[in-house]
Amino acid sequence: MLLPGEQEFGPWAFGVSEGAFDAREAARPEVAYLDASLGPYRVRTVREGDTIRPLGLGGTKKVYKAMKDRKVPRDVRLRMPVVVDRHGEVAWVPLGELDEGHKVVAAVVVGGGREQAVRLEVLRSAWR
């Protein structure tokens, strides 16, 4: 389970925090904001058959295909981490796709404040 602070996953390291959505930060490929209500989130390696609904695509895509389209080397694809929700569904492919169903809608107000988000940042990776 991803807890606030720095989390390591093999040669990868992620910074994890909670808070409000920041659109400028979210535009960086190494940062993702996930809907906190769909957690807890965890990191695991990608599996054959994993799918994601990339933002704006309007459908699903196999995670391996999405990585191949981004020119991720084959040896990295086999060891690539993905962030999954409590049901094991892929929410984010680091440095790549964010799942449509896990995005934070900044305009939604919950309990008198902005929707809470889990902010993830790739601090160290085995690629790029």
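**Notes on two sheets, a core and a charged network**

1. Let me start with the pairing of strand 2 and strand 11, which run antiparallel to each other over 8 bridges. Within this pair, A13 has R124 of strand 11 as its bridge partner. Please keep in mind that you are looking at a predicted model.

2. That pair belongs to an open sheet of 4 strands, ordered 1-2-11-3 and paired antiparallel. Strand 1 (5–9) and strand 3 sit at the edges with a single partner strand each, so one side of each has no neighbour in the sheet. From one strand to the next, the twist averages 30°.

3. At the strand 1 edge, strand 1 pairs with strand 2 in the antiparallel sense over 5 bridges. Here E6 stands opposite G15, and Q7 stands opposite F14. The two strands form a hairpin with 2 residues between them, and G10 in the turn has a positive phi of about 60°.

4. Now to a residue I would look at in some detail: R119, in strand 11 (residues 116–124). Is R119 buried or exposed? R119 is buried, because its relative accessible area is 16%, and the cut-off for buried is under 20%. Its contacts beyond four places in sequence are G15, V16, S17, E25, R28, V31, A32 and Y33. With Y33 there is a polar contact between the two side chains, at 3.4 Å.

5. Which residue meets R119 in a salt bridge? The partner is E25, with an N to O distance of 2.3 Å. This pair connects distant parts of the chain, as E25 lies in helix 1 (residues 23–26) and R119 in strand 11, 94 residues apart. Unlike the buried R119, E25 is partly exposed, with a relative accessible area of 23%.

6. A second bridge also reaches strand 11: R28 pairs with E121, and their closest N and O atoms are 2.9 Å apart. R28 comes from the loop between helix 1 and strand 3, 93 residues away from E121. R28 is partly exposed at 27% relative accessible area, whereas E121 counts as buried at 17%.

7. Elsewhere, D99 and R53 form a salt bridge through their side chains (3.6 Å, N to O). It joins the loop between strand 8 and strand 9 (109–110), where D99 lies, to the loop between strand 5 (51–52) and strand 6 (61–62), where R53 lies, 46 residues apart. D99 is buried at 4% relative accessible area, while R53 is partly exposed at 39%. Returning to strand 11, salt bridges with shared partners join E25, R28, E30, R119 and E121 into one network. The count of salt bridges comes to 13.

8. The other sheet to inspect is open and has 3 strands in the order 4-7-8, with antiparallel pairing. Strand 4 (42–45) and strand 8 (90–92) are its edges; each has a single partner strand, so one side of each is left without a neighbour in the sheet. Neighbouring strands here are turned by 55° against each other on average, direction ignored. Strand 4 pairs with strand 7 (residues 81–84) over 4 bridges, and R44 has V82 as its bridge partner there.

9. Finally, the largest nonpolar core has 28 residues, of which L34, V63, V83, W92, V93 and L120 touch the most other members. At least two core residues come from each of strand 2 (12–20), strand 3 (31–35), helix 2 (63–69), strand 7, strand 8 and strand 11. V63 is worth a look: beyond four places in sequence, V63 touches V46, D50, T51, I52, V82, V90 and V93.

Technical notes:
Residues are numbered from 1 along each chain as its sequence is written. This is a predicted model: local features need pLDDT of at least 70, side-chain atom pairs count only at pLDDT 80 or more; totals for chains, interfaces and linings use all residues. Side-chain values use heavy atoms; hydrogens and water are left out. Two strands pair if DSSP finds at least two bridges between them. Axes are lines fitted to C-alpha atoms, for helices over the stretch in contact, and angles run from 0 to 180 degrees between N-to-C directions. Buried means under 20% relative accessible area, exposed over 50%, partly exposed in between (1.4 Å probe, protein chains only). A polar contact is a pair of N or O atoms within 3.5 Å; within protein, one must be able to donate a hydrogen and the other to accept it, and residues adjacent in sequence count only if both atoms are side-chain atoms. Contact means heavy atoms within 4.5 Å. A nonpolar core is a set of buried Ala, Val, Leu, Ile, Met, Phe, Trp, Tyr and Cys residues joined through side-chain atoms within 4.5 Å. A salt bridge is a side-chain nitrogen of Lys or Arg within 4 Å of a carboxyl oxygen of Asp or Glu.
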